[in-house]
Amino acid sequence: MEDVAALVEVSRDPALRQWASSAVDNDADGARWVQAQQLGWAAGDRFGFAVLEAQPGSVREQLLGNVVLKEVAYGKPAAEVGYWTAAHARGLGVAPRALEALTSWAFDTFEADGLERLELLHQVDNLASCRVAQKSRYDFDSVLPAAPPSFPRDGHLHIRRTSA
């Protein structure tokens, strides 16, 4: 909850809002978003991580982004990954490093439960996400048709297997 103000601030970015599935416009929205992440952890099916950077001379860390592992279930061979990066952190390799850390953690934690692959989905016109997928060794698999209103445009499906 201590990151709610920073979450609201980075959520004002028009580029982030273009791709985000939910809007965080104020502290109440931010608190609901954080609570939803906490509920996912409690349920054991969605694991969100803040991506933070230590600030020299400060006890607070700066919010750079978020990575999430979702749709995890015992015996299910696939789960989905997602991420976003704050405007001030884009182009610095934050997303690929955070996604790699999440990917390693996911396979280390859930492979014994049957996890074989991770799926990364993005809209076809989100070229930055396509580059992150490629840098993170998520191979392009297929084009997914649009499914409005949640997914108004066609999408790319990228997959990373435990053997990658």
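**Pocket.** I looked up the second largest pocket in this predicted model; its volume is about 280 Å³. A pocket is an open set of points on a 1 Å grid over the protein atoms alone, where a 1.4 Å probe fits, with protein on both sides within 12 Å along at least five of seven lines. The volume is the space filled by probe spheres set on the points, which are joined across faces, edges and corners.

Which residues lie closest to its centre? Of the 17 lining residues (an atom within 4 Å of a point), I found Met1, Asp3, Trp33, Val34 and Ala50 closest. α1 (4–10), α3 (27–43), β1 (46–54) and β2 (61–70) each give two or more residues to the lining. Helices (H or I, at least four residues) and strands (E, at least two) are DSSP runs, numbered from the N terminus.

**Notes on the model.** Residues are numbered from 1 along each chain as its sequence is written. In this predicted model, local features need pLDDT of at least 70, side-chain atom pairs count only at pLDDT 80 or more, and totals for chains, interfaces and linings use all residues, while side-chain values use heavy atoms, without hydrogens and water.

**Sheet.** Next I traced the open sheet: 6 strands in the order β1-β2-β3-β4-β6-β5, with mixed pairing. Strands pair if DSSP finds at least two bridges between them. Why do β1 and β5 (139–144) each have one side without a neighbour in the sheet? They stand at the edges with a single partner strand each, so one side is left free of a neighbour.

β1 and β2 run antiparallel, joined by 9 bridges. Leu52 stands opposite Leu63 in β2.
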